[in-house]
Amino acid sequence: IIPSIPMDVRAPSEDMTVLQTLPAYYTYLKDGGFSKYTPDDFTGDLKKFGIFLKERTIKDITDKDIQAWVFLLKTPSPKGEGLSSKTVSRKLSALSNYFFWLIASGVIKDKENPMLNISNSRISSPLPEILFDEECTKLLHTASSDSRKYLLFLLLLETGIKLEELFALKISHFDFSNKYSPEVFIRHTGKKEKKSRKLKLPIEIQAVFKDYVESYMVDDLLFPCTQRFVRYLITETAEKAGVKKRV
């Protein structure tokens, strides 16, 4: 039997199950200045943990419960999920955040935190391969046949912004008042506000930007599409350009 998640937001208590606290935890994440993806990601991880624990209350959760869950996550299917170390590490980060929230809410004490004896080493992603000038030129030349692809590659190659930042860009973030020195404002909010910055853009981007906005009838978000679609555009352009590296 899978326990249900209540719809109403109630203050957490030690006699609740993990699932019963999820509405309040989700609200905390939404209002806490975290990345826009964190509330859904962390709550999703906690939901799986709560289903694993079934009706066990917060006061009865121990480090052995967490270790048993991690073992299940790492065990290859069909008995387990066979997740990578990096994915498991993210889920443990979600658990750490959750129990610190419970401590801050006065539900449990520091010494009662079941994560105290759980090690969670940060897993570093492998460094990407460097694109050389000749490869960048090939990519831009291939992308230039379409204003959307061309603008996408100009932004990524000239500024080095992340995909998360790319999808947050709006037309209003671009400043073309000085045609010899166009700029884009990379805006962050909440805890990431210190990462906000202005970046210089190449002069040729102005014509590409105008063509793209008019051709694709963009009026607010610069790229109103999914990450999956943009990754497809990048991969497709790299293949056509003959770039063998993972772009």
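**Exercise 1. Decide whether Met 217 is buried or exposed in this predicted model.**

Solution.
- Step 1. Take the relative accessibility of Met 217, which is 70%.
- Step 2. Recall the cut-off: exposed means over 50% relative accessible area.
- Step 3. Met 217 therefore counts as exposed.
- Step 4. Place the residue in the chain. Met 217 sits in the loop between helix 8 (205-215) and helix 9.
- Step 5. Check the backbone. Met 217 is not a glycine, yet its phi is positive, about 50 degrees.

**Exercise 2. Find where Lys 54 lies and state its phi.**

Solution.
- Step 1. Locate Lys 54 in the loop that runs between helix 2 (38-53) and helix 3 (63-74).
- Step 2. Read its phi: positive, at about 60 degrees, although Lys 54 is not a glycine.

**Exercise 3. Work out how the buried residues of helix 3 are arranged around its axis.**

Solution.
- Step 1. Start with the length. Helix 3 has twelve residues and reaches 17 Å from its first C-alpha to its last. That is close to the 16 Å expected at 1.5 Å a residue.
- Step 2. List the buried residues of helix 3: Asp 63, Asp 65, Ile 66, Trp 69, Val 70 and Leu 73.
- Step 3. Take their arc. These residues cover only 155 degrees around the axis, so they lie on the same side of helix 3.
- Step 4. Turn to the face pointing away from the buried side. Exposed Lys 64 and Phe 71 are carried there.

**Exercise 4. Explain why strand 1 and strand 3 each have one side without a neighbour in the sheet.**

Solution.
- Step 1. Write down the order. The open sheet has three strands, ordered 1-2-3, and the pairing is antiparallel.
- Step 2. Look at the edges. Strand 1 (174-175) and strand 3 (197-200) stand there with a single partner strand each, so one side of each has no neighbour in the sheet.
- Step 3. Inspect one pairing. Strand 2 (residues 183-186) and strand 3 pair in the antiparallel sense over four bridges.
- Step 4. Pick out a facing pair: Val 184 is opposite Leu 199 in strand 3.

**Exercise 5. Describe the lining of the largest pocket.**

Solution.
- Step 1. Give the volume of the largest pocket, about 1,400 Å³.
- Step 2. Count the lining: 31 residues. Nearest the centre lie Pro 128, Lys 162, Leu 163, Arg 231 and Val 247.
- Step 3. Sort the lining by class: 14 nonpolar, five polar and twelve charged residues.
- Step 4. Name the helices that each supply at least two lining residues: helix 6 (147-159), helix 7 (163-168) and helix 9 (227-241).
- Step 5. Find the largest share. Helix 9 gives it, with six residues.

Conventions:
Residues are numbered from 1 along each chain as its sequence is written. This is a predicted model: local features need pLDDT of at least 70, side-chain atom pairs count only at pLDDT 80 or more; totals for chains, interfaces and linings use all residues. Side-chain values use heavy atoms; hydrogens and water are left out. On a 1 Å grid over the protein atoms alone, a cavity is a set of points where a 1.4 Å probe fits but cannot get out, and a pocket is an open set with protein on both sides within 12 Å along at least five of seven lines; lining residues have an atom within 4 Å of a point. Grid points are joined across faces, edges and corners, and a volume is the space filled by probe spheres set on the points. Ala, Val, Leu, Ile, Met, Phe, Trp, Tyr, Cys and Pro count as nonpolar, Asp, Glu, Lys and Arg as charged, and the others, Gly among them, as polar. Two strands pair if DSSP finds at least two bridges between them. Buried means under 20% relative accessible area, exposed over 50%, partly exposed in between (1.4 Å probe, protein chains only). The expected span of a helix is 1.5 Å times one less than its number of residues. The arc is that of the directions from the helix axis to the C-beta atoms.
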